[in-house]
Every structure is written in structure tokens, then in C-alpha cells.
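Reader: I should like a close look at one part of this predicted model, namely its second largest pocket. What volume does that pocket have, which residues and elements line it, and what surrounds those elements?

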Amino acid sequence: MRAALALARRGLGNVWPNPAVGCVIVQDGRVVGRGWTQPGGRPHAETEALAMAGEAARGAVAYVTLEPCSHHGKTPPCAAALARAGIARVVAAMEDPDERVSGQGFALLREAGIEVSVGIGAEEAAELNAGFFLKVAEGRPLVTLKLATTLDGRIATHGGESKWITGEAARAAAHLLRAEHDAVMIGSGTALADDPELTCRLPGLGDRSPVRLVVDGRLRLPLTGKLVSGANDVPTWVLTLEGCDTARREVLEEAGVDVVELPAGTDGSVDLVAALAMLGKSGLTRVLVEGGAHLAAALLRAGLVDRMVWFRAPRMMGGDGLPAAVAFGIDHLGRTPRFELVEARPVGHDLMEIYKKL
């Protein structure tokens, strides 16, 4: 199952709207087939593993990180494929909460005389596909806030200088995060200040750049910036307010940008709850938020940050520096968003901390 989970992770950021699944087929103690969900969500992991195993699948054990599907979608049901191949036993990490499956895949397997065991590696499998499960349960993707700061939580000097607070190893780790997420989101302020590309520039992973999202209520995104000029190569969506400037919208769309109009929240800016619901409906399961301080504060205030990945550089800046999040109306400790530390490890000279919302 550990091997199947490792295979499943290869699909993160590349298989939406489907979950990332891994499958390993074992015959007499020997791995005869393995597979993981392919780009765009198909073929499925089980299909890939069965194709590799061939006739060796008959009488074998299939280890799969999620309940095999039982419904006819764009591909035939994997549960039926496992039965046809003569698999003797299926060991699954957990049940698929999607109502189109949700126990029906296991029922189909058992009806075919296949022994089914469920629960091995369930905790790891649930975290791996937390974004998919959240989309099923709440209709929105998992939101991970990525921060790169000094030890005292500053993202830039008071003059705006921020390159580079963290070192090369931390920046490489951040690019890997992009590859493992369906989309990367920033606010218009960050787009204006930094003119970022928001692509994955790790060797061999250039094709794993996520959808680029810009929350831009006033359509301020520069037409000559990297995000607009590269919109025909990397999907770029601008989330703006309803009733936006029609002429500006048309120019952006002609450049390849998808402009999505959304209602305003109570503060007059783009309603982030509505934005995430739209992203979930579009199939996105994992969104990485990279800035800036206003967007981070708005998401924290709304309780929409599910994970945090915090890179801390061994530097101090003091009160002159710009904070990772601007004020968002907290006047009592009991109202602060709370997180638990999941992992902390050095990355080069910096520290990488991973937090999960309580």
C-alpha cells in the first residue's frame, strides 16, 4: 500500500477533476503490475496496472489507494475490470465518498467473488486526496496558503523588496508545490508588484504548471505582463467582479485569458466563497495561494485556509517589514484561525513547516 500511495502522489496536480489513485498488483510476492491515474484523470490507476500485469493478474492481489469506481463515465468501471482480469483479492485504503461510487465498487467486487479488505493506509490516503474529498463534500477545492517569510513573519521590506528572502532550495520546494496543485492563486497586488510567471520551472516538470488564478476585482492585470503574455501557453483565469469593464475584459480574452465574473462580498471585493465554489464546479481540487498579504488575510478571515506551507528564512526584519497577512479583524484570541503542525524540516538554510487547519 505504501508503494501504491507513492504512485498516487505522482498524479497530484495533474488529474483533476479526478482523485489521484495508485494501484499495485502482486502475484506470489512479486509485483506484476503498477499504475497511477493519468493526466486529466484517465486512464485510471487500475487500468494501467492491469495492462502491465496482463495474464499475471489472474489470482493476484490488487492494492489500491481508493475504492475502484463502479460507474460508467468516460471510462468503464475499474471494479468490473478487476473482476474480468481474475483478481482474487482487493486491498483498498478507503471508500470513495463520491455518491456515484461510495461502496458500490466494493459491492461489485464482492458479488464477483473477490475478497475485499478496506482500511490499510486510510489516513495517508485521506490526506493525499483531501482536495477531492472536500470538493465532493463542500463543493470547493482544498486551499493551501504558501508563505515565504523571515522568522518574524515579514514578506518584504517596507519598500517592497522581497527577492529573495528564502534560499534556492526553498524556492525549488515551492515550485514542486506548484506541480502538485491544480491551480496557483494570487491577488492583483502581487501581480502588479512582482509580474510573476507562476509556472513550474523544475527540470523535467515544465508541463506540470498549474492553472494560474488572479483575483482582480478591477481588472488591473497589465496586458504586457507575463501572466497575460503567456496565457495561450498556460491556462490563466482572472476572477473579477460582476459588471466589469467590458472593453477591458474583451482585450484580456483576446489575449487568451479566461475572465470570470463573480459577486462582491461584504467588503466590496470578490466574494472568495463564491470564487472557490466556482473553482470546485470547474473541477479544481487543490489550490495553492502564493500571495499577497491582502488575499491571505481575506482567506484566513473567511476560514478558507485548509493547509499552510510556511518557509521561514533565518532572518529578522522587524516592524518596518511588510507582514504575511494584513489586519483581518481579530480582537480576541478565541477568534484566531487555528492550525496544527504536521511537519517541520530544514530545506537548505531555511525551515519548511506544514500546518493543517483544526
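Author: The second largest pocket of this predicted model has a volume of about 800 Å³. Its lining comprises 24 residues, and those closest to the centre of the pocket are Arg9, Glu127, Val342, Glu343 and Ile354. Several helices and strands take part: two or more lining residues come from each of the helices α1, α5 (122-128) and α7 (168-179), and likewise from each of the strands β6 (142-150), β13 (307-313), β15 (339-347) and β16 (350-357). The largest share, 4 residues, is that of α5.

Helix α1 deserves further attention, as this contributor to the pocket lining is also in contact with a sheet. The helix, residues 2-9, lies across β1, β2 and β3 (61-64), and its direction makes about 145° with that of β1. A second helix, α2 (residues 45-53), also packs on the sheet; α2 touches β1, β2 and β3 and runs at about 145° to β2.

The sheet itself is open and consists of 5 strands with mixed pairing, arranged in the order β2-β1-β3-β4-β5. At its edges stand β2 (30-36) and β5 (115-118), each of which pairs on one side only. From one strand to the next the twist averages 15°. Within this arrangement, β1 (residues 22-27) and β2 run antiparallel and are joined by 6 bridges. Isoleucine 25 has glycine 33 of β2 as its opposite number.

Apart from the pocket, the model also encloses space. The count of cavities of 30 Å³ or more comes to 1, and the largest cavity holds about 50 Å³ of space. Of its 13 lining residues, Leu12, Asn18, Asn129, Thr285 and Arg286 are the closest to its centre.

A final element to describe is helix α11, residues 272-281, in which Leu272, Ala275, Leu276, Met278, Leu279 and Gly280 are buried. Residues three or four places apart point the same way, because an α-helix has 3.6 residues a turn. Such spacing can be followed in the list of buried residues, which includes Leu272, Ala275 and Leu279. At the N-terminal end, α11 is capped by aspartate 271, with a side-chain oxygen 3.0 Å from the backbone nitrogen of valine 273. After the helix comes glycine 283, which has a positive phi near 105°.

Technical notes:
Residues numbered from 1 in each chain as written. Predicted model: local features only at pLDDT ≥ 70, side-chain atom pairs only at ≥ 80, totals over all residues. Heavy atoms only, no water. Pairing = 2+ DSSP bridges. Axes fitted to C-alpha atoms, helices over the stretch in contact; angles between N-to-C directions. Contact = heavy atoms within 4.5 Å. Buried < 20%, exposed > 50% of the residue type's maximum accessible area, 1.4 Å probe, protein only. Polar contact = N/O pair within 3.5 Å; in protein donor to acceptor, adjacent residues only side chain to side chain. 1 Å grid on protein atoms, 1.4 Å probe; cavity = no way out; pocket = protein on both sides within 12 Å on 5 of 7 lines; lining within 4 Å. Points joined across faces, edges and corners; volume = space filled by probe spheres on them.
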